[in-house]
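Dear colleague,

Please find below the structure that I am handing over to you, followed by an account of what was found in it.

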Amino acid sequence: MNLKINLNIFLFAIIFYVTKQIHIYAMLMIFAFLHEMGHLICGIAMGLKPKALKVMPLGVSVEFEVLPKEYNKKIAKGNALQIKKIGIAILGPITNLIMIVITILWRKNIEIGLYQEIIYANLLIALFNLLPIHPLDGGRIVKACLHIIKGRKKSIQLTNYISNTTMILFTMVSSVAIYYYKNIAILFMIGYLWSMVILENKRYRLQKRIYKIIENS
């Protein structure tokens, strides 16, 4: 399994350090890693082979190698691979919820400040990743479900629309948070998330052109 590190992680570390939130960033990255281990364990349990582990500014991402046989078993307008994708995606947030439960059970042995930070970090990671924005876990779940119900082409189109709409609404809400808390780190997090959405939009336009060429041929 290859290890890839996005160098922007150092920029984010500097930003959080300057804003005196480096300990929060470190904690977010630790629990983001455990979040991704949930994905990894689930993928391996389902028979998929890990391909690459990416360390990114807002967490860690694991990629799996998909064999041709995974596409063979059909389910409605999709295939069995979509069920695996849903399971893998949802187990990440579930891992964070498990961390919260463990922390609550052990709260008597944890200093109150650390206790609150652990709860906050895991809740933030779980809720953030469940946003229906592709390629976050929520977006992956939406896309896989739509693939089964509507087929691949329609799932790509609807997921792109849902992602952009959610991102716009999330930016509006986050803008209020930036104004209220005067926290520039939130601005950089939104900017990075927009960069991922814009990249997904480029991929969507490319796929749209490919479908158009196939239909006209």
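I begin with one pair in the sheet: Lys54 stands opposite Ser61 in S3. Please bear in mind throughout that this is a predicted model.

**Ser61 and its surroundings**

Ser61 belongs to strand S3. Is this residue buried or exposed? With a relative accessible area of 13%, Ser61 is below the 20% cut-off, and it therefore counts as buried. The strand around it shows a similar picture: 5 of the 7 residues of S3 are buried, so S3 is largely enclosed by the rest of the structure.

Once neighbours within four places in sequence are left aside, Ser61 is in contact with Glu36, Ala52, Leu53, Lys54 and Met56. Asn160 lies 99 residues from Ser61 along the chain, and their C-alpha atoms are separated by 20 Å.

**The sheet**

Strand S3 takes part in an open sheet of 3 strands, with the order S1-S2-S3 and mixed pairing. Which strands stand at the edges? They are S1 (2-5) and S3 (59-65); each has a single partner strand, so one side of each is left without a neighbour in the sheet. From one strand to the next, the twist averages 20°.

Strand S2, which covers residues 49-56, pairs with S3 in the antiparallel sense, over 7 bridges. One bridge partner can be named here: Met56 is matched with Gly59 in S3. As general background, strands of a sheet pair through backbone hydrogen bonds, in either a parallel or an antiparallel manner.

**Salt bridges**

How many salt bridges does the count come to? The count is 2.

One of them involves Lys54 again, this time with Glu63; the closest N and O atoms are 2.7 Å apart. Lys54 has a relative accessibility of 26% and counts as partly exposed. Glu63 likewise counts as partly exposed, at 26% relative accessibility.

Another salt bridge joins the side chains of Arg203 and Glu200, at 2.8 Å from N to O. Both Arg203 and Glu200 lie in helix H7 (residues 184-216), where they are 3 residues apart, about one turn of the helix. Their accessibilities fall into separate classes: Arg203, at 45%, counts as partly exposed, whereas Glu200, at 15%, counts as buried. In general terms, side chains of opposite charge can pair when their charged atoms come close.

**Helix H4 and the loop that follows**

Asn122 has its place in helix H4. Its relative accessible area is 0%, and Asn122 is accordingly classed as buried. Not counting residues up to four places away in sequence, Asn122 touches Phe31, Asn96, Met99 and Ile100. For Asn96, the separation from Asn122 is 26 residues in sequence and 5.1 Å in space, C-alpha to C-alpha.

Where is Pro135 found? Pro135 sits in the loop between helix H4 (112-129) and helix H5 (137-150). The peptide bond that leads from His134 to Pro135 is cis, with omega near 20°. Most peptide bonds, by contrast, are trans.

**The chain as a whole**

The secondary structure of the protein chain comes to 7 helices and 5 strands. Read from the N terminus, the elements follow the order β-α-α-β-β-β-β-α-α-α-α-α. The radius of gyration is 19 Å, close to the 17 Å that the globule rule gives for 217 residues, so the protein chain is as compact as a globular protein of that length. Along the principal axes, the C-alpha atoms fill a box of roughly 60 × 35 × 30 Å.

Of the 217 residues, 41% count as buried. The accessible surface of the protein chain comes to about 13100 Å², and 69% of that surface belongs to carbon and sulfur atoms. Among contacts in the protein chain with a separation of 6 or more, 63% are between residues 24 or more positions apart.

Yours sincerely

Definitions and conventions. Residues numbered from 1 in each chain as written. Predicted model: local features only at pLDDT ≥ 70, side-chain atom pairs only at ≥ 80, totals over all residues. Heavy atoms only, no water. Pairing = 2+ DSSP bridges. Helix = DSSP H or I, 4+ residues; strand = E, 2+ residues; numbered from the N terminus. Axes fitted to C-alpha atoms, helices over the stretch in contact; angles between N-to-C directions. Rg over C-alpha atoms; globule rule 2.2 N^0.38 Å. Buried < 20%, exposed > 50% of the residue type's maximum accessible area, 1.4 Å probe, protein only. Contact = heavy atoms within 4.5 Å. Areas by Shrake-Rupley, 256 points an atom, 1.4 Å probe, with all protein chains shown as cover. Salt bridge = Lys/Arg side-chain N within 4 Å of Asp/Glu carboxyl O.
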